[in-house]
Amino acid sequence: TPREIVDYMVVESLVAYLHIKTNINEALLHTLFGEGDLDPELDDCKSALIDAFDVVKILDPACGSGAFPLGALHKINLALQKLDPDAEVWKEKQLAKIENVAYRKALKHKLDKSNVDYVRKIGIIQHSIYGVDIQPIATEISKLRSFLSLVVDENIDDNAENRGIYPLPNLEFKFIT
């Protein structure tokens with residue numbers, strides 16, 4: 001599917017979802033996914049929009065190579081860049097979902113050292129994006145694309161064990177055949 005078509009489908013889907021969840025004008029919501037800074041009219045709605053992104057679930061029932069799920073990942077990341085530039089609110093929301101105290105502490109340490117795009121993407125991939133396909137190779141490609149999307153935003157520390165790179169998340173139940 002051409003990128004322009006995927007972008008259109010993703011934006012329209014997200015705008016419809018956000019309109020239902022927050023009751024914000026759809027034309028105003030479209031500005032969230034465009035180029036440029038956050039529209040000042042959305043300043044008072046930041047919290048509601050971040051909350052809506054925090055609970056969104058996106059399923060592509062014929063994910064193929066993952067164009068739609070990864071397109072959604074990038075558009076949500078773009079919107080969150082405008083709503084929460086330092087990813088502080090987003091990070092706290094992701095950590096609050098973890099019940100295991102030791103794991104939460106380890107993840108907090110990792111996220112505190114990570115760049116903000118990684119912080120946003122790991123939360124979106126782990127909690128919001130799903131895909132199904134009849135072809136096993138298609139779901140494997142979707143998983144690979146998700147991993148690559150995360151790896152490009154990893155911070156590398158040559159002095160740390162494993163260069164400071166943590167294991168990638170388990171996507172076996174996120175993209176299934």
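Reader: Hi! Where is Ile 176 found?

Author: Hi! In this predicted model, Ile 176 is found in strand S3, which covers residues 175-176.

Reader: Is Ile 176 buried, exposed or partly exposed?

Author: Ile 176 is partly exposed, because its relative accessible area is 39% and that class lies between the 20% and 50% limits.

Reader: Which residues does Ile 176 touch?

Author: If you skip residues up to four places away in sequence, Ile 176 touches Gly 131, Val 132, Asp 133 and Thr 139.

Reader: And how far apart are the C-alpha atoms of Ile 176 and Leu 59?

Author: They are separated by 11 Å, while the two residues are 117 residues apart along the chain.

Reader: Cool. New topic: which helix holds Leu 150?

Author: Leu 150 sits in helix H8, which runs over residues 136-151.

Reader: Buried or exposed, and why?

Author: Leu 150 counts as buried because its relative accessibility is 1%, and buried means under 20%.

Reader: So what is Leu 150 in contact with?

Author: Setting aside neighbours within four places in sequence, Leu 150 is in contact with Tyr 118, Lys 121, Ile 122, Ile 125, Leu 168 and Pro 169. Take Tyr 118 from that list: its C-alpha atom is 6.1 Å from that of Leu 150, with their positions 32 residues apart along the chain.

Reader: Let's do helices. How do people describe two packed helices?

Author: By the angle between their axes and the distance between those axes.

Reader: OK, what are those values for H4 and H7?

Author: Helix H4 (residues 67-83) and helix H7 (residues 116-127) pack at about 130°, and their axes are 10 Å apart. H4 and H7 are therefore oblique to each other, and their crossing is right-handed.

Reader: Which residues make that contact?

Author: From H4 there are Leu 73, His 74, Ile 76, Asn 77, Leu 80 and Gln 81, and H7 brings Asp 117, Arg 120, Lys 121, Ile 124 and Ile 125. Sorted by class, the contact of H4 with H7 has five nonpolar, three polar and three charged residues.

Reader: H7 also packs with H5, I think. At what angle do the axes of H5 and H7 cross?

Author: They cross at roughly 40°, and the axes of H5 (residues 88-96) and H7 come within 9 Å. The crossing of H5 and H7 is left-handed.

Reader: Who meets whom between H5 and H7?

Author: Trp 90, Lys 91 and Gln 94 in H5 meet Val 119, Arg 120, Gly 123, Ile 124 and His 127 in H7. That contact of H5 with H7 has three nonpolar, three polar and two charged residues.

Reader: What about H1 and H3, how do they pack?

Author: Helix H1 (residues 3-22) packs with H3 at an angle of about 120°, with 10 Å between the axes. H1 and H3 are therefore oblique to each other, and they make a right-handed crossing.

Reader: And which residues meet there?

Author: H1 offers Tyr 17, Leu 18, Lys 21 and Thr 22, and these meet Ala 48, Leu 49, Ala 52, Phe 53 and Val 55 in H3. In the contact of H1 with H3, seven residues are nonpolar, one is polar and one is charged.

Reader: Phe 53 caught my eye. How many aromatic pairs does the structure hold?

Author: The structure holds one aromatic pair. Phe 33 and Phe 53 form it edge-to-face, at 6.4 Å centre to centre and with 90° between the planes.

Reader: Where along the chain are those two?

Author: Phe 33 lies in the loop between helix H2 (26-31) and helix H3 (46-55), and Phe 53 is in helix H3, so the pair links distant parts of the chain, 20 residues apart. Phe 33 is buried, and Phe 53 is buried too.

Reader: Last one! Which loop holds Asn 23, and what is its phi?

Author: Asn 23 lies in the loop between H1 and H2. Its phi is positive, about 65°, although Asn 23 is not a glycine. Asn 23 counts as exposed because its relative accessibility is 64%.

Reader: And Ala 87, where does it lie?

Author: Ala 87 lies in the loop between H4 and H5. Its phi is near 60°, a positive value in a residue other than glycine. Ala 87 is buried, with a relative accessible area of 0%.

Note on methods: Residues numbered from 1 in each chain as written. Predicted model: local features only at pLDDT ≥ 70, side-chain atom pairs only at ≥ 80, totals over all residues. Heavy atoms only, no water. Axes fitted to C-alpha atoms, helices over the stretch in contact; angles between N-to-C directions. Helix = DSSP H or I, 4+ residues; strand = E, 2+ residues; numbered from the N terminus. Parallel < 35°, antiparallel > 145°, perpendicular 65-115°, else oblique. Left-handed = near helix turned anticlockwise from the far one by under 90°. Contact = heavy atoms within 4.5 Å. Nonpolar A, V, L, I, M, F, W, Y, C, P; charged D, E, K, R; others polar. Phe/Tyr/Trp six-rings, centres within 6.5 Å; stacked < 30°, edge-to-face > 60°. Buried < 20%, exposed > 50% of the residue type's maximum accessible area, 1.4 Å probe, protein only.
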